Amino acid sequence: MSFFKSLRLVTSPRWFEYLFWACIIMGLNACSTSIPITIDKAPLIDMHGVKKISVKDFKISGQKELKRSGDRRIDFVIDMMDKNRGIPRSYKRRLRAKFKYDIENQIRQRPDLKVYALNTGEDAKLKGQIHFSVRDRGEWIQSNDAEGTEINRFKIIREGELQLYFEVKDAQSGQIYGSGSIHRAIQEQQEDISESSARNRLTAWEVLVDRALEATYVEFMRYLVPYQASYSVKLLEGDDERLEQGADAADDSKWKEAKSLWKSVVANGSAEDQAKA
């Protein structure tokens, strides 16, 4: 049996259809042929039909600790007027603007929502906070060069995390429709013959934070607009030829015919084949 084409199930109020396909997906774990299906799903936050949303400036907080090996001195000057350890205000402003621009652009690409400026007639407001931390840790390790000679090398790891917190509120009543949080790890490793050369090979911490933030966008948008989820469905083989006929029909994307055949097996097939239909 050849690989089947993708099936796309469109959300509808026909609950029997959902039940039928759910029965196919669940419990089929014996030897079988798998097919991919894609299902349209509602946003993770129920916004009660909101069509116009504004994106408020998110609060930005963070810290970085980039210490040199064997030295307690942190290699940046802490701004005593800033509660964030060593994070330039200019970078926080840039990150805030970047997130707002990117998310508004993502929303504009969807017909489900429209972006409104703050307090200009929007139905709901999106607000939240972005917090990140970045730190370095390093150690000397022993390695072998191309000729097999043992040499010392310095390994440095730049690591951290980014947390995105958010909530959607009704613009008039202040009712919270829903909230969520997304976490992304930050990590990069380099090594070289000296600490300074290994450190110079690292990606700038600002770039790593930017990448971590961008990695949240796909998951974040699932809270606001409908999205597609992919599953793998297993079709079992049995003695009833209608099972194979149904599988062949599915292979040709004739899903109504396949469903009719499988339903007939459920109606009057053997107990073993009914379990496989």
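This is a short tour of one structure, from its aromatic rings to one of its helices. Keep in mind that the model is predicted.

Let's start with the rings. There are 9 aromatic pairs in the structure. Take phenylalanine 58 and phenylalanine 99. Their ring centres sit 4.6 Å apart, and the planes make an angle of 55 degrees, so this pair is tilted. Where do phenylalanine 58 and phenylalanine 99 sit along the chain? Phenylalanine 58 is in the loop between strand 3 (52-55) and strand 4 (59-65). Phenylalanine 99 is in helix 2, residues 89-108. The two are 41 residues apart, and the pair links distant parts of the chain. Both phenylalanine 58 and phenylalanine 99 are buried.

Phenylalanine 99 has another partner, phenylalanine 220. Here the centres are 5.8 Å apart and the planes stand at 65 degrees, so the pair is edge-to-face. Phenylalanine 220 belongs to helix 5, residues 217-221, while phenylalanine 99 belongs to helix 2, so the pair ties together parts 121 residues apart in sequence. Phenylalanine 220 is buried too, like phenylalanine 99. Now widen the view. Ring pairs join Phe58, Phe99, Phe166, Tyr217, Phe220 and Tyr223 into a cluster.

Next, the core. The largest nonpolar core has 39 residues. Which of them touch the most other members? Those are Leu126, Phe132, Phe220 and Leu224. Several elements give two or more residues to this core: strand 3, helix 2, strand 6, strand 7, strand 8, helix 4 (205-214) and helix 5. Look at leucine 126. Beyond its neighbours within four places in sequence, leucine 126 has contacts that include Ile53, Val55, Phe58, Ile103, Phe166, Phe220 and Leu224. Another core lies apart from the largest one. That one has 7 residues, among them Leu243, Ala250, Trp262 and Val265.

On to alanine 124. You will find alanine 124 in strand 6, residues 124-144. Buried or exposed? Alanine 124 is buried, at a relative accessible area of 0%. Leaving out neighbours within four places in sequence, its contacts include Val50, Ile53, Val168, Asp170 and Tyr177. The C-alpha atoms of alanine 124 and glycine 174 are 8.6 Å apart, with their positions 50 residues apart along the chain.

Glycine 174 brings us to a hairpin. Strand 7 (residues 150-170) pairs with strand 8 (residues 176-192) in the antiparallel sense, over 16 bridges. Leucine 162 stands opposite arginine 184, which is in strand 8. The hairpin has 5 residues between the strands, and glycine 174 takes a positive phi near 80 degrees there.

A quick stop in helix 2, at glutamate 104. With 13% relative accessibility, glutamate 104 counts as buried, because the cut-off is under 20%. Beyond neighbours within four places in sequence, glutamate 104 is in contact with Val55 and Val115.

Last, helix 7, residues 255-268. Helix 7 has 14 residues and spans 20 Å from its first C-alpha to its last, close to the 20 Å expected at 1.5 Å a residue. Which residues of helix 7 are buried? They are Trp255, Ala258, Lys259, Leu261, Trp262 and Val265. These cover an arc of only 165 degrees around the axis, which puts them on the same side of helix 7. The face turned away from that buried side carries the exposed residues Lys256, Ala267 and Asn268. Trp262 and Val265 also turned up earlier, in the core of 7 residues.

Notes: Residues are numbered from 1 along each chain as its sequence is written. This is a predicted model: local features need pLDDT of at least 70, side-chain atom pairs count only at pLDDT 80 or more; totals for chains, interfaces and linings use all residues. Side-chain values use heavy atoms; hydrogens and water are left out. Rings of Phe, Tyr and Trp (its six-membered ring) pair if their centres lie within 6.5 Å; planes under 30 degrees apart count as stacked, over 60 as edge-to-face and the rest as tilted. Helices (H or I, at least four residues) and strands (E, at least two) are DSSP runs, numbered from the N terminus. Buried means under 20% relative accessible area, exposed over 50%, partly exposed in between (1.4 Å probe, protein chains only). Contact means heavy atoms within 4.5 Å. Two strands pair if DSSP finds at least two bridges between them. A nonpolar core is a set of buried Ala, Val, Leu, Ile, Met, Phe, Trp, Tyr and Cys residues joined through side-chain atoms within 4.5 Å. The expected span of a helix is 1.5 Å times one less than its number of residues. The arc is that of the directions from the helix axis to the C-beta atoms.
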